[in-house]
Amino acid sequence: MFRRLHVCNEATDSVAVPRTGLSDSYKTATAGYIQIPTVHGNRRYLGHFNVKPTGAGLQVVNEVPLAHYLYGVVGHEMSNAFPLEALKAQAVAARSYTLTSLDPGGRYDLCATVECQVYRGVEVEHPRTDAAVAATAGVVVTYAGSMARTYYHADSGGMLASSQEVWGAALPYLVARADTPATTPHRAWVTRLDAATVSSSLEAAGLGVGTAQSLRVLRLSESGRVTELEVSGTAGTRVLRGSTLTRLARSWGLKSTRFTVQGGLTVRGDGWGHGVGMSQYGARALALAGYDYSRILAYYYPSTSLTLFVADGR
């Protein structure tokens with residue numbers, strides 16, 4: 001029976017670990033909350049912790065009940081000012097994503113960053129987001145009898161991306177298509193990339209071009225996202241593709257790969273995030289238009305169903 005999640009946070013070396021047995025993991029237990037220093041600052045978390053030294057510092061794994069984990073995810077991933085039905089949709093999407101990420105043989109089930117879904121513990125809990133988790137307790141998205149992989153993002157930029165174009169794995173409920181109109185602060189953004197940042201990141205990736213001078217889009221995906229980008233510099237030219245392009249673009253400060261080059265290192269784009277699955281601002285727009293959470297989820301994950309997952313009270 002599913003009972004507790006194991007979530008990995010990267011901590012600094014100021015976590016209290018016994019001086020003896022540093023090669024072994026150290027488990028703490030608390031009936032309340034514990035504050036730990038992380039790369040994001042001091043944060044409070046519920047549950048038990050396994051602390052283990054690593055080459056980069058300490059690995060802290062938080063063992064926490066699913067409901068409390070979701071309080072710390074939904075409270076960060078979506079503004080508590082959004083309509084309640086949008087918050088409920090977010091809670092179900094986060095729960096479904098979580099349950100498809102369980103890794104019984106791994107050191108932990110999920111990371112606490114954007115590489116999985118952001119988990120911030122007690123500080124981000126709010127009565128409205130907690131209520132959304134409670135009101136949808138146990139509800140998950142399924143497809144053909146199995147749990148659906150419910151990716152989500154902040155803003156599609158007007159076009160939803162397919163799982164195939166972003167990760168190379170086609171799922172029938174994650175296809176490229178126009179998104180619902182939405183009012184969002186993440187449209188028509190313009191960024192002038194820092195040449196030193198672009199140059200150093202390329203050099204670190206073994207793709208140096210000297211001092212970066214210009215960008216050129218070579219290929220777009222079916223949803224209009226950049227899949228091949230040429231970077232030219234004083235020492236040559238490189239073409240970026242796939243996960244390398246996505247990772248570097250994020251490190252340069254780009255919100256999305258749905259962009260055009262305006263000249264040199266100036267980029268204009270739309271949206272925030274990978275664009276696959278549910279757009280959070282789109283969910284807000286649909287909720288404001290009168291959609292309940294089940295209709296919002298049906299819109300973003302077509303041909304799926306909602307199912308009650310029977311677990312340990314979550």
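Helix α2 (residues 84-99) and helix α3 (residues 127-135) have axes that come within 8 Å and cross at roughly 60°. The model described here is predicted. Two packed helices are described by the angle between their axes and the distance between the axes. Angles of 65 to 115 degrees count as roughly perpendicular, and the crossing, at roughly 60°, does not fall in that range; α2 and α3 are therefore oblique to each other. The handedness of the α2 and α3 crossing is right-handed.

The contact between the two helices involves L84, L87, K88, A91 and R95 on the α2 side, and R128, T129, A132, V133 and A135 on the α3 side. Sorted by class, this contact of α2 with α3 comprises 6 nonpolar, 1 polar and 3 charged residues.

Backbone phi values form a second topic. Most residues other than glycine have a negative phi. A188 has a positive phi, near 55°, and S303 also has a positive phi, near 75°. Both belong to loops, as the table sets out.

| Residue | Phi | Loop location | Relative accessibility |
|---|---|---|---|
| A188 | near 55° | between β12 (177-178) and β13 (189-192) | 41% |
| S303 | near 75° | between α8 (293-300) and β20 (305-308) | 64% |

The exposure classes follow from the accessibility values. A188 counts as partly exposed because its relative accessibility is 41%, which lies between the cut-offs of 20% and 50%. S303, with a relative accessible area of 64%, is exposed, since exposed means over 50%.

Technical notes
Residues numbered from 1 in each chain as written. Predicted model: local features only at pLDDT ≥ 70, side-chain atom pairs only at ≥ 80, totals over all residues. Heavy atoms only, no water. Axes fitted to C-alpha atoms, helices over the stretch in contact; angles between N-to-C directions. Helix = DSSP H or I, 4+ residues; strand = E, 2+ residues; numbered from the N terminus. Parallel < 35°, antiparallel > 145°, perpendicular 65-115°, else oblique. Left-handed = near helix turned anticlockwise from the far one by under 90°. Contact = heavy atoms within 4.5 Å. Nonpolar A, V, L, I, M, F, W, Y, C, P; charged D, E, K, R; others polar. Buried < 20%, exposed > 50% of the residue type's maximum accessible area, 1.4 Å probe, protein only.
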